[in-house]
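Colleague: Please take a close look at one part of this model for a first-year student, and then set that part within the rest of the chain. Please also explain each term where it comes up.

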Amino acid sequence: MMQVSSICLAANVRVRLKSLHTNPATINDPASIAAPKWSQKTITLPPLKRGCHLVTSKIVKEVGQELSGFKCGLAHLFLHHTSASLTINENYDYDVRDDTETFLNQIVPEGPSAPWKHTLEGPDDMPAHIKSSMFGCSLTIPITNGKLNMGTWQGIWLCEHRDYPTPRTVVVTLNGI
């Protein structure tokens, strides 16, 4: 059962909070506080063609055992690359991934007529860096009762921005109780 609490901030603004703590009698009892724990795993995702790919199940498969030990916490995902990105978006309709790729390709020019100076690694490299910066290389997702607490239609995407992809590594760090 969720307990609803009130706190008073310095500005005397009352805020209602929902808490996973279920016994008000033990709220200040140090023996009732679970020790925080940490887990970290590096996952290698196989090369994926250019575009946005739903990778939620791959991530959960790799960290599921560790994840199941957390009642409440945060999962932090960090991508070790500058030409791919992570984001959370639609997990059902594949058209959303295609439309997102189309949008990115329209707003970030590519090819010999593009204005980029950095072309040593190919004409798709600098656009890939820009696209990666737009979405970012990290995500933070709440953990509740051993599961990633995302919305029904949300999923983790790996967006591959290069024409010739390579395996991508993601460090997943779990912390909580």
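Colleague: Where is Asp95 found?

Modeller: Asp95 is found in helix α2, where helices (H or I, at least four residues) and strands (E, at least two) are DSSP runs numbered from the N terminus. This is a predicted model, in which local features need pLDDT of at least 70 and side-chain atom pairs count only at pLDDT 80 or more, while totals for chains, interfaces and linings use all residues. Residues are numbered from 1 along each chain as its sequence is written, and side-chain values use heavy atoms, with hydrogens and water left out.

With a relative accessibility of 44%, Asp95 counts as partly exposed, a class that lies between buried (under 20% relative accessible area) and exposed (over 50%), with a 1.4 Å probe and protein chains only. Asp95 gathers with Asp93, Asp98 and Asp99 in a patch of negative charge on the surface. Such patches are made of residues with over 30% relative accessible area and no salt bridge, like charges being joined within 9 Å and nonpolar side chains (Val, Leu, Ile, Met, Phe, Trp, Tyr) within 5 Å. Asp and Glu count as negative and Lys and Arg as positive, while His and the chain ends are not counted; the place of a charge is taken as CG of Asp, CD of Glu, NZ of Lys or CZ of Arg.

A second surface patch is nonpolar and is formed by Phe103, Ile107 and Met134, which together have about 280 Å² of accessible area, a value that comes from the Shrake-Rupley method with a 1.4 Å probe, where for residues only the protein chains shown count as cover. Met134 has its place in helix α3, and at 40% relative accessibility Met134 counts as partly exposed.

Helix α3 runs over residues 125-135, and its buried residues are Asp125, Pro127, Ala128, His129, Lys131 and Ser132. These buried residues pack against strand β6 (84-90) and helix α2 (94-107), where a contact means heavy atoms within 4.5 Å. Just after α3, Gly136 takes a positive phi of about 100°. Further along the chain, Asn145 also has a positive phi, of about 50°, although Asn145 is not a glycine; it is found in the loop between β7 (138-144) and β8 (147-148).

The start of α3 leads to the charged pairs. A salt bridge is a side-chain nitrogen of Lys or Arg within 4 Å of a carboxyl oxygen of Asp or Glu, and by this rule the count comes to 8 salt bridges. In one of them, Asp124 pairs with Arg162, the closest N and O atoms being 2.9 Å apart. This pair links distant parts of the chain, with Asp124 in the loop between α2 and α3 and Arg162 in the loop between β9 (154-160) and β10 (168-176), 38 residues apart. Asp124 is buried, with a relative accessible area of 3%, and Arg162 is buried too, at 13%. Arg162 also meets the side chain of Asp125 in a salt bridge (2.9 Å, N to O). Arg162 lies in the loop between β9 and β10 and Asp125 in helix α3, so this pair ties together parts that are 37 residues apart in sequence. Asp125 itself counts as buried, at 1% relative accessibility.

Arg168 and Glu160 form another salt bridge through their side chains (2.8 Å, N to O). Arg168 counts as buried at 5% relative accessibility, and Glu160 is buried with a relative accessible area of 0%. Elsewhere, salt bridges that share partners join Arg50, Glu101, Glu110, Lys131 and Asp163 into one network, and Lys131 is one of the buried residues of α3.

Now for the whole chain. Its secondary structure comes to 3 helices and 10 strands, which follow the pattern β-β-β-β-α-β-β-α-α-β-β-β-β along the sequence. Of the 177 residues, 35% count as buried, and among contacts between residues at least 6 apart in sequence, 77% join residues at least 24 apart. Ser39, in strand β3 (residues 37-45), gives an example of distant neighbours: it touches Glu66, Phe70, Val172, Thr173 and Leu174, not counting residues up to four places away in sequence. Ser39 is buried, with a relative accessible area of 18%.
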